[in-house]
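Trainee: I am new to this structure and would like a close look at one spot in the backbone. Please start there and then lead me, step by step, to the rest of the chain.

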Amino acid sequence: MTKVKVGLVQMSCSAHKQSNLDKATQKIREAAGKGAQIVCLQELFASLYFCDVEDYENFKLAEPIPGPSSEALGKLAAELGVVIIASLFEKRAQGLYHNTTAVLDADGSYLGKYRKMHIPDDPSYYEKFYFTPGDLGYKIFKTKFANIGVLICWDQWYPEAARITSLMGAEILFYPTAIGWSTSQDDATNAEQYNAWQTIQRSHAVANGVHVVSVNRVGIEQNGAMKFWGGSFVANPFGSVLFQASHENEEVQVTELDLSNTERYRTHWPFMRDRRIDSYGQITQRYIDQESL
């Protein structure tokens, strides 16, 4: 298919897992009603963003994948005939957890999962306490409507992740996300942070000649200390923003992408052709100093 309609579900969350799943289900139905063929949910949509504290009780939120949530969403995908990208807290084994996204095809089949590779540890984002770094590598999923790549939040800042996933044949890069502003920050800082976040992802679209779809949450969490900034967006292979959500509201947006644009952009600006793969060996080093020369 050369054209595909993608649905973005930007929503706020509560402390009640089933309520969040019910809300996501309703919004997936809304997106499908607007013609969406692939629907992406935000990062860890089934709960509040719990990584603001290091609390062992939060491990009880995790579940296996496949498991109850992915199975429920698989049934929904089959009913609606849509692909669903669902970010969940995965319990792999006792004491072993991942930040993971499951992909359900339009017939309800489970295509597989991607485990978040880059795990942050910052104030209010203590993810290393909860998540083991992904060990499945970068992946693409051959869905009914498109070959898609899925990366997760902190992965957004790494051009290597976007490049490798694109080289594997991804036609669209999806980024389920949970990122926000401290409510104590000033507006100038907020704007600067959002602009950096969007710019780095738009650059992935340009460098790789693919569409990028980034889906973030909204709402005040962490006892009023964090405002998740929404701002979900879609960029075309030249980095132009085709849609951008508000910073305040829950939104369900459907945007049509013309995947044939990848061919046009990659031939007119042939970055893929001109890559000097013979010169990139040092990229695997932590830092290029005298000790590594």
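**From one loop outward**

Mentor: P66 has its place in the loop between β2 (38–41) and α2 (68–80). What you are looking at is a predicted model, and in that model the peptide bond that joins I65 and P66 is cis, with omega about 0°. The spot deserves a pause, because most peptide bonds are trans and most residues other than glycine have a negative phi.

The second half of that rule leads to two further places. C153, in the loop between β9 (147–150) and α3 (159–167), has a positive phi near 40° although it is not a glycine. With a relative accessibility of 8%, C153 is buried, since the limit for that word is under 20%. Q222 belongs to the loop between β13 (218–221) and β14, and its phi is also positive, about 55°, in a residue that is not glycine. Q222 is buried as well, at 12% relative accessibility.

From these loops we can turn to the helix α4, whose 22 residues reach 32 Å from the first C-alpha to the last, close to the 32 Å expected at 1.5 Å a residue. Its buried residues are N190, Y194, W197, Q198, Q201, H204, A205 and N208. They cover an arc of only 110° around the axis, and therefore lie on the same side of α4. The face turned away from that buried side carries A188 and E192, which are exposed.

The helix also takes part in the open and closed spaces of the model. The second largest pocket has a volume of about 370 Å³, and 24 residues line it, with D122, Y125, W154, I179 and G180 closest to its centre. β11 (180–182), α4 (187–208) and β14 are the elements that give two or more residues to this lining. By class, the lining of the second largest pocket holds 15 nonpolar, 6 polar and 3 charged residues. The largest pocket, for its part, has a volume of about 540 Å³. It is lined by 13 residues, and P159, E160, I164, I283 and T284 lie nearest its centre. That lining divides into 6 nonpolar, 3 polar and 4 charged residues.

Closed spaces come next, and the structure holds 2 cavities of 30 Å³ or more. The second largest cavity encloses about 70 Å³ of space, and among the residues that line it are V206, A207, N208, Y265, R266 and W269. Two or more of its lining residues come from each of α4 and α5 (261–268), and α4 gives the most, with 3. The largest cavity encloses about 80 Å³, and its lining includes K17, F45, E63 and F89. There β3 gives the most, with 3 residues, and the classes are 6 nonpolar, 2 polar and 2 charged.

The same strand, β3, brings us to charged pairs. Side chains of opposite charge can pair when their charged atoms come close, and this structure holds 16 salt bridges. In one of them, D135 meets R92, with the closest N and O atoms 2.6 Å apart. This pair links distant parts of the chain, as D135 is in the loop between β7 (125–126) and β8 (140–142) and R92 is in strand β3 (residues 83–93), 43 residues apart. Both partners are partly exposed, D135 at 44% relative accessibility and R92 at 39%.

Another salt bridge joins the side chains of K227 and E248, at 2.7 Å from N to O. K227 lies in strand β14 (residues 226–229) and E248 in the loop between β16 (241–244) and β17 (251–258), so this pair ties together parts that are 21 residues apart in sequence. E248 is exposed, with a relative accessible area of 52%. Salt bridges that share partners also join E90, R92, K113, R115 and D135 into one network.

Note on methods:
Residues numbered from 1 in each chain as written. Heavy atoms only, no water. Salt bridge = Lys/Arg side-chain N within 4 Å of Asp/Glu carboxyl O. Helix = DSSP H or I, 4+ residues; strand = E, 2+ residues; numbered from the N terminus. Buried < 20%, exposed > 50% of the residue type's maximum accessible area, 1.4 Å probe, protein only. 1 Å grid on protein atoms, 1.4 Å probe; cavity = no way out; pocket = protein on both sides within 12 Å on 5 of 7 lines; lining within 4 Å. Points joined across faces, edges and corners; volume = space filled by probe spheres on them. Nonpolar A, V, L, I, M, F, W, Y, C, P; charged D, E, K, R; others polar. Expected span 1.5 Å × (residues − 1). Arc of directions from axis to C-beta.
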